[in-house]
Each structure stands twice: as C-alpha cells, then as structure tokens.
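Me: Could you walk me through the disulfides of this protein, one step at a time?

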Amino acid sequence: MKRLVLLGCALWLPLLAQADSLDALDAAVLQEDSAPVARQKSTLLTPEAFPVRLEPLTAQKKQSTEALSEAPELPGVPVQVGMRRDIPQLDSQSLTAEAFDWIPTANGGHVAAISITSPQAVGLRVGLYVTNLPTSATLRFYAQEAKVPLEIHATEVLQTLANNLAAGDRSEQARYFWSPPIAGEEITLEIELPAGTSTDQVQIKIPALSHLFRDPAANLEKTTAKGIGDAGSCNINYQCVATEAPSLDMQSRAVAKMSFVMKGNSYNCTGTLLNNTNQDKTPYFLTARHCIPTQTEASTLVTYWLYRAKSCFSTQLDSENSTLTGGAQLLYTNTAQDTTFLKLNKPAPSNAVFAGWNTEFTLYNKNQGIYGLHNPAGDMQKVSAGTVTDFVSCTDIKCGPSSQTDANAIEVVWDAGVTEGGSSGSALFTNAQVIAQLFGGAASCSNKFAPDQYSLLAPAYAAGIKFWLSPETASVGDRTVVEYYNPELDHYFITAEPAEQASVDSGAVGRWVRTGQSFKAGGATAACRFFGNTAVNPKTGIIYGPNSHFYTVDQTGCNELISIFKADAPSWKFESNDFLSTRPDTAGNCPTGTQPVHRLYNNGFPKGKDSNHRFVTDLNLINAMTVEGWLHEGVDMCAPL
C-alpha cells in the first residue's frame with residue numbers, strides 16, 4: 001500500500017548530529033500572528049467606483065487559458081495560473097486621474113475608487129504603475145460584493161518599488177505594484193487620503209491586470225474555480241498519512257504554496273520556511289530560481305500556509321489555512337542550481353513552523369529514504385516518498401553524473417506519490433530536516449518511476465545562505481516592533497507587544513492598518529513610551545493631548561519629559577518601557593549588527609494640530625516624507641538586524 005511504503009521511507013530514522021544542521025522551530029513556540037487582517041468596510045467610505053469592464057476573452061484566448069489550465073505539468077516549470085490583460089481605459093496617468101471621482105471623508109480627507117471587471121476570471125490581481133503616491137495614502141482592494149477589503153498602506157507600495165530599483169531593475173515591470181489576489185471577475189481599488197493631502201499627488205496608472213483562471217484561494221463554493229483537485233490522481237494528500245505519522249505535521253506547517261506575477265502572468269510554486277541558528281523567527285524562505293529569479297518577482301509573492309486538506313479525502317481546506325501578502329526580499333539566487341533564498345517581508349503566521357535543515361553529505365546516500373511536501377498543480381499539499389538514486393552536478397546548461405562528495409544535486413525516484421508543476425521549489429526532507437529543493441524532473445502519474453532532480457542545500461549554504469541561516473552575531477531579541485497608521489487621525493503608532501498588536505489588528509481600537517514597516521526589538525536600553533496627557537481640558541471637553549505616542553531610548557530625554565509633565569496642559573505622560581533597543585552614539589551612528597531607526601516629526605505643534613512621530617528604517621521613506629513637510633529628527637535608536 002502507498003501509505004505503508006510512505007511511512008517506511010524516512011520518517012522514523014534516528015536523527016544524526018551534524019555540524020551544519022538545525023532542528024525545526026515549533027509553531028508552539030511562536031506568539032505573533034501576521035496574517036492580513038480583513039476589516040469590515042467603514043460606512044464612511046462608500047465612494048461609487050468608476051466602472052471599467054474589459055471585453056470577454058476571445059475564443060482563441062479562452063481556449064489557450066483552458067489549455068494551460070488542463071495541460072500536464074512537470075516539475076521544473078512553474079504552473080501558470082493567470083495571464084496578463086491590458087486595460088486601455090486606464091493605461092495613462094491622465095485617464096486614471098479622470099476615473100478617480102474624489103469625495104470628502106468625515107475627517108476632511110478624500111476617497112475614490114475604480115472597479116475593474118475581467119469576464120470569466122476566477123480571480124484578479126491589478127497592476128499599479130506608480131509615479132508618485134503620498135506616503136499617507138491607504139489603499140484597499142476588494143470585490144464590490146464583499147465586505148472585507150484588504151488594506152495596504154502606501155509605505156508597503158513605496159518600499160516594494162524601492163526594493164525593485166535598489167536591486168538594479170530599471171525595467172517597466174519594476175515600477176509595478178501588484179495587488180493581492182481577489183476572488184471573482186471584479187476587483188475594486190479604493191484610495192483614501194487624509195486631510196491636507198492633495199489628490200493631485202496621486203500619480204498612477206493601471207495599465208494591466210493578471211486574469212486568474214485558477215483561484216489561488218481555491219474557493220470551492222465556486223464551481224468555476226480550479227486548483228483543488230488538479231493534481232494527478234497518484235498524489236497523496238498530506239492528511240492521509242498525518243494520523244499515522246503525527247511528527248510530519250512539523251514539516252507540513254513549514255511548507256507554503258506560492259503565487260507570484262511575472263510580466264503580468266501569474267504562476268504557482270512551492271517554498272519552505274527555514275529556521276536559523278538564532279531561532280529568532282526571521283522568515284527565511286527557500287524555493288527555486290525558475291520560480292523567483294529577480295527581486296521584481298519576489299515583490300509580488302503571496303504565500304498560502306497550511307494549504308492542505310481538512311481530512312484525508314476532503315476537498316475542503318484545513319481550517320487553519322492563512323494567506324500572507326507583502327512580497328519578499330531576494331537574498332540569494334543561483335542559476336546553475338536553480339535556487340532562490342528569500343526573506344518574507346512580513347512575519348510568518350503564528351501556526352507556521354520554521355523547518356530544520358542539514359548540509360551533511362552523508363544524509364543523502366544512495367538508497368537513502370527521503371520525502372517531500374509540495375503543492376502540485378497548485379493543489380492542496382501532497383506528500384511523496386522515495387529514495388536517492390544518483391548524484392549529479394549541474395551547470396547553467398546541463399546536469400551530469402557526479403561523485404557523492406562533489407555533487408550539487410541528487411536524483412530521486414518515488415515509491416509513493418510524485419511531483420508536478422507547482423511542486424517546483426519544494427523541499428526534500430530526511431530525518432525531519434531539509435536537505436534539498438526541487439528544480440526539475442520527469443516524474444508524473446503516467447511516468448511514476450522517472451527521476452526528479454533536487455538541488456542540494458549544502459552548496460548554496462556554503463556560497464552565501466550560511467550568512468543568514470548561521471549568522472555570526474547572536475540575536476539580542478526576537479520580538480518585532482510593528483508600525484500602524486490611522487487614516488482618520490493621520491497618525492502613526494508602533495508596538496512590540498504581541499497582545500497589543502492583536503488588539504490593534506482586530507479593529508477594537510479604531511481604524512489602524514499595518515504599514516509594512518517594522519524592525520526588531522532587542523538591546524540593553526529600554527524605549528520609554530509616552531502618550532499625550534489624558535486629562536480632560538474643562539474648557540474644551542477633550543483631553544489635553546496630544547492624542548499620540550512618542551518613544552525614545554535617550555534616558556536623559558526620557559527623564560526630562562517625565563519631569564516637565566503638566567497635569568493641566570498639553571504634555572507627554574510616561575506610559576511604560578515598551579521594548580528594548582540600542583542607543584546610537586553622539587554622532588548618530590549605530591553599532592555593528594544593528595540598523596538605524598530614524599525619527600520623523602509631523603511638526604504638528606506649531607501648526608496647531610496633534611504632534612505625531614514616525615520611526616522608520618527606510619531612507620526612501622525619509623526622503624519622501626521630508627518632501628511632504630515632515631521634519632527628520634535623526635537616528636533615535638538602533639534595531640537588531
């Protein structure tokens with residue numbers, strides 16, 4: 001039986017102690033949840049969306065998408081799940097500006113929306129070509145029939161484009177920000193600006209969308225959705241072996257289905273979250289280069305976690321599944337080995353596991369039992385098991401036979417399950433540790449014993465990945481300081497406390513949205529946290545304020561603010577020591593192993609409005625915000641790298 005073969009392959013072999021290895025970081029250790037928060041649309045934000053409707057796909061185009069959707073797929077090729085469609089009605093800045101019908105909001109700002117329909121799509125991702133976007137803008141993506149938009153702060157958009165340009169990409173594609181996927185054939189883009197921000201500062205065009213013919217979220221309520229059930233029939237649902245091999249759950253939780261955009265076309269692959277020796281929950285992610293070759297593709301990445309069946313024969317997803325948007329940073333890529341190593345821009349979901357790994361060559365002897373977890377054809381997570389059959393060395397051109405010690409890849413043959421397109425980039429495990437990732441092969445349900453090729457982790461580790469997986473500098477903390485923005489107040493706020501982050505994410509304390517800006521907490525000095533005087537001014541009936549938070553690791557400045565607090569006047573009231581950080585030297589320089597956190601001030605007091613400060617690590621944001629009138633007050637603290 002396949003199940004018995006699977007369990008006998010590698011799951012219960014004794015662990016080996018190796019120098020370059022690391023065990024998994026269990027999900028039970030994790031506290032923070034970073035999955036995007038879907039909020040109810042505010043009744044104050046109901047702009048009538050300008051409608052744009054594309055023509056139905058031509059018979060030829062429709063036939064080609066159906067052929068792509070139903071074509072047999074092989075590992076080594078990302079599964080195409082969507083195609084680029086041009087939007088002539090919005091392909092210039094002037095046409096897009098005309099489509100935005102700005103209406104005032106209750107707090108004195110403005111909001112406008114555009115609705116785009118691509119008939120026959122099961123999902124859409126819209127591409128924004130950004131020339132200028134106010135740093136205080138809030139973007140929302142949703143379907144008109146839905147009440148749960150995904151909110152994205154302008155910071156995330158601007159950082160995405162800055163990352164693409166910093167990587168050396170000067171192409172048109174580097175100027176695109178691709179929205180998260182929205183199910184259905186219609187997608188709405190809504191932009192909100194705070195009071196005092198001119199609508200003329202929004203300079204974008206929307207020249208294209210990615211028309212998905214497979215629903216990345218696999219909403220089975222829709223009979224037109226494709227994805228779940230597309231894998232070959234010989235593949236084995238993870239849940240079919242889970243009850244007999246409960247330890248496999250650890251590796252399963254480290255594996256994510258990937259969705260990304262390349263020149264407007266959308267694709268699926270598989271990747272794996274890896275632990276590092278600091279075990280500080282940095283979301284390092286391993287996949288294949290033919291999936292993510294450049295930073296521009298990495299910026300479009302969306303990952304789907306616990307994308308597995310609810311039970312062995314179920315066609316419903318595990319109730320713990322979640323989606324992570326926000327893209328990733330490309331840290332390492334290698335053409336010859338078809339390897340890409342990323343750092344996700346947002347923390348991994350709280351129920352994910354950081355997989356262990358091993359680079360010792362004795363773990364991939366011939367006839368060594370191995371197993372893989374992957375999403376073939378973008379389907380729910382499958383498990384395959386087999387053995388190592390050969391050693392190979394690969395160049396940019398071809399792979400050839402090799403000795404065990406010189407090999408940079410191995411061949412495997414499956415005894416149970418196979419791999420397909422969409423499995424690309426998935427990890428190969430033995431002894432519960434990652435040893436390689438899939439780049440190609442001929443295995444399929446119609447050719448079960450054809451070999452697959454996996455790039456070994458060891459050569460990539462030695463060539464550069466070691467810098468991140470085994471850092472020389474010990475971590476001084478594993479908490480993350482997360483930044484939020486409130487479009488009604490036009491205020492920024494940071495917190496490192498997981499419980500407070502959960503409260504803010506829930507919407508219990510107002511309309512706060514994560515900006516995508518964050519930095520690590522850790523160091524020897526406490527950051528003093530202040531809030532404006534909460535006593536009520538009897539003359540106005542409102543608090544003295546300011547209605548804002550302030551932070552500093554300068555203990556002299558902290559003590560001074562405490563000493564000058566006035567109970568009957570606007571002033572800063574000490575709340576707590578919120579998190580640990582490091583103080584810069586007198587010249588504003590940070591020690592090795594840390595990065596500067598800059599403080600900006602909205603200059604609110606002389607303008608007669610609440611003071612607000614922002615703490616950022618991105619120099620591009622500093623430049624953009626100073627142009628908009630913020631004052632750069634220098635480096636306030638130094639965060640661990």
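What follows is a short set of questions and answers about a predicted model.

Me: Happy to start with the total: how many disulfides are there?
Reply: A disulfide is counted when two cysteine sulfur atoms lie within 2.5 Å. By this rule the count comes to six.

Me: Which cysteine forms a disulfide with C240?
Reply: Look in helix α5, residues 239–242, where C240 sits. Its partner is 72 residues away, in the loop between β16 and β17. The two sulfur atoms are 2.0 Å apart, and the partner is C312.

Me: Is the link of C528 and C558 right-handed or left-handed?
Reply: This disulfide has an S to S distance of 2.2 Å. It links strand β31, which holds C528, to helix α10, which holds C558. The angle about the S-S bond is -100°, and the link is left-handed.

Me: Is C558 buried or exposed?
Reply: Buried means under 20% relative accessible area. C558 has 2% relative accessibility, so C558 counts as buried.

Me: Now for C590: is it buried, partly exposed or exposed?
Reply: C590 is joined to C638 by a disulfide, S to S 2.1 Å. C638, in strand β36, is buried at 0% relative accessibility. C590 lies in the loop between β33 and β34. Its relative accessible area is 23%, and values from 20% to 50% fall in between buried and exposed, so C590 is partly exposed.

Me: How many residues apart in sequence are the parts that C590 and C638 tie together?
Reply: C590 is in a loop and C638 in strand β36, residues 631–640. The pair therefore ties together parts whose separation in residues is 48.

Definitions and conventions. Residues numbered from 1 in each chain as written. Predicted model: local features only at pLDDT ≥ 70, side-chain atom pairs only at ≥ 80, totals over all residues. Heavy atoms only, no water. Helix = DSSP H or I, 4+ residues; strand = E, 2+ residues; numbered from the N terminus. Buried < 20%, exposed > 50% of the residue type's maximum accessible area, 1.4 Å probe, protein only.
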